[in-house]
Structure formats: C-alpha cells, structure tokens
Amino acid sequence: LWQSVISSGITQSTGYYITNNLSSSMSVEQIAPLISQALSANKNEQDASQEQLNVLKPLPDYATSLLSILLRQDAPLSVRQMAGVLLKQFAENSWQECPHTATKDIVKANILPGLGDSLSKVRSSVAAVVSEIACVDFPDNWTGLFDQLLSMMGTGEPNQVHGVMKVLSELAADITDSQVYTVAPVLFPRLIQLFQTETFGPSTRARVLSIFGVFTTLISTWTQ
C-alpha cells in the first residue's frame with residue numbers, strides 16, 4: 001500500500017479521515033521518495049534529497065504532504081518519523097512567515113487525531129509538531145486547540161490521552177499568566193481524574209505530576 005503513495009499520492013490515511021484536499025498528489029509524489037532517500041546511509045543521497053526538499057518547501061502543499069505521510073499508518077515507521085522531523089522543522093523555522101494560510105488551517109484541522117496513533121513514536125512526533133505550531137498560533141490563531149485537547153482527554157482512550165499529555169507538557173512551559181487562570185480551573189480536575197485512573201501507565205501519570213508542578217509553581221510565583 002505504501003508504494004501506491006509514491007505512484008499515486010495520498011488521498012486518505014488509513015485509520016484517520018483526511019479530506020482529499022489535505023495534500024496535492026503531485027507534492028506527495030515528489031516528497032515521499034525524497035523522504036526515503038533522506039534515510040539512506042549514503043551521504044550524497046541524503047544531501048541530494050535535502051536540496052530537493054528545500055526547493056519544495058515554499059510550495060503550498062509541502063506541509064500538508066508531510067502531514068499526510070506522518071499520519072499514513074501503512075507507511076514504514078522510519079518514513080513517518082522523518083516526515084514528522086521535517087514538519088517540525090517547518091513549524092519551528094517557517095510557520096510564522098508562511099504566507100499559505102489555507103495550508104496552515106488544513107494542518108491544524110487534521111493533525112490532532114495523530115496524537116492517538118497506535119505507535120508511541122508517531123504520537124511523539126505529532127505532539128512535537130503540535131507544540132511548535134501552538135507556540136506561534138495558540139491561542140489567537142488556534143482558538144479551539146485547548147477544547148479539542150480536553151475532548152480527547154475525556155475519551156479515556158490511552159493512546160489519545162498519552163499524546164495529549166505530551167502536548168500539554170510542552171505547552172505548560174510556555175503558558176502566560178492570563179492563560180494559566182483560564183486553563184487551570186478546567187484542566188486540573190481532568191488531571192486529577194487521570195492520575196487516579198489505574199488504566200494509564202507510569203509515563204502518563206508522571207506527565208500529570210509534571211504539568212501540575214509547572215502550573216502550581218507559576219501560580220505561587222505570581223501570587224507572592
């Protein structure tokens with residue numbers, strides 16, 4: 001199935017609903033083999049793929065095509081992770097200046113389900129991208145992010161909760177004072193519930209404590 005991505009482009013992602021507008025088949029056809037080439041042990045091939053990816057980066061479909069590959073469950077894990085690395089780099093270095101508003105809206109509308117991927121490494125990749133985008137767009141240009149994260153937490157599905165907690169851990173470090181007093185009253189009861197639920201493993205419960213620690217430290221600092 002993955003080979004069909006290279007030959008015909010991605011119009012759907014196994015396990016997730018993604019609109020046909022998420023990516024252009026032309027861009028996916030170009031990027032998919034370049035990602036595979038970037039994983040080559042041959043440095044010349046790596047350098048060549050990076051040069052070509054830099055040429056594609058300004059195109060409107062660059063980010064959405066990377067997201068499609070990242071969410072593609074029948075793609076090799078190494079390819080999905082590389083797509084995640086490239087998308088995170090784009091979010092970190094080019095997102096704010098990117099003029100393609102529609103592209104950014106499509107990414108934000110489709111990326112969050114990836115936080116519930118069955119593979120922990122993919123969830124981590126998705127969480128890293130979400131965090132980078134949120135640093136730029138949240139809350140003004142991603143007003144629904146927090147509500148969506150809380151909704152995913154409320155499902156109780158372990159993979160989704162784990163992915164959401166990874167995002168919240170990163171966001172907590174950059175939250176502002178005004179956001180704390182808005183977010184904390186809603187978030188704290190959910191965190192307490194998660195911590196008391198034995199379904200979730202040590203890593204998720206440890207993140208709960210970490211987020212609590214960040215928030216309580218901020219609040220105690222501002223109230224002194």
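## Exercises on an all-helix model

The face of α3 that is turned away from the buried side of this helix carries the exposed residues Lys43, Asn44, Glu51 and Val55. Here a residue is buried if its relative accessible area is under 20%, exposed if it is over 50%, and partly exposed in between, as found with a 1.4 Å probe on the protein chains only. The model is predicted, so local features need a pLDDT of at least 70 and side-chain atom pairs count only at pLDDT 80 or more, whereas totals for chains, interfaces and linings use all residues. Residues are numbered from 1 along each chain as its sequence is written, and side-chain values use heavy atoms, with hydrogens and water left out.

**Exercise 1.** Find how many helices and strands the protein has, and state what percentage of its residues counts as buried.

*Solution.* Begin with the elements, which are DSSP runs numbered from the N terminus, with at least four residues for a helix (H or I) and at least two for a strand (E). Counting them gives 11 helices and 0 strands. Then turn to burial: of the 224 residues of the protein, 45% count as buried.

**Exercise 2.** Describe helix α3 by its span, by its buried residues and by the cap at its N-terminal end.

*Solution.* First, consider the span: α3 covers residues 43-56, and its 14 residues reach 20 Å from the first C-alpha to the last, close to the 20 Å expected. The expected span is 1.5 Å times one less than the number of residues. Second, list the buried residues of α3, which are Ser49, Leu53 and Leu56. Seen down the axis of α3, these buried residues fall within an arc of 55 degrees, so they line one face of the helix; the arc is that of the directions from the helix axis to the C-beta atoms. Third, take Leu53 as one of them: Leu53 is buried with a relative accessible area of 1%, and its C-alpha atom is separated by 8.8 Å from that of Gln30, which is 23 residues away along the chain. Finally, look at the N-terminal end of α3, where Asn42 acts as a cap, with a side-chain oxygen 2.8 Å from the backbone nitrogen of Asn44.

**Exercise 3.** Which two residues are joined by a cis peptide bond, and where is Pro139 found?

*Solution.* Start from the general rule that most peptide bonds are trans. The cis bond joins Phe138 and Pro139, with omega about 5 degrees. Next, locate Pro139, which is found in the loop between α7 and α8 (145-154).

**Exercise 4.** Decide whether α7 is largely enclosed or not, and place Cys135 within this picture.

*Solution.* Of the 18 residues of α7, 13 are buried, so this helix is largely enclosed by the rest of the structure. Cys135 has its place in helix α7, but Cys135 is partly exposed, with a relative accessible area of 47%. Across space, Cys135 and Ala91 are 9.4 Å apart, C-alpha to C-alpha, although their positions lie 44 residues apart in sequence.

**Exercise 5.** Give the volume of the largest pocket and the classes of its lining residues.

*Solution.* On a 1 Å grid over the protein atoms alone, a pocket is an open set of points where a 1.4 Å probe fits, with protein on both sides within 12 Å along at least five of seven lines, and lining residues have an atom within 4 Å of a point. The largest pocket has a volume of about 190 Å³. Of the 15 residues lining this pocket, the closest to its centre are Phe138, Leu171, Ala172, Ile175 and Gln179. By class, the lining has 12 nonpolar, 2 polar and 1 charged residues. As for its sources, α7 (120-137), α9 (158-172), α10 (177-196) and α11 (202-223) each supply at least two lining residues.

Key:
Points joined across faces, edges and corners; volume = space filled by probe spheres on them. Nonpolar A, V, L, I, M, F, W, Y, C, P; charged D, E, K, R; others polar. Polar contact = N/O pair within 3.5 Å; in protein donor to acceptor, adjacent residues only side chain to side chain.
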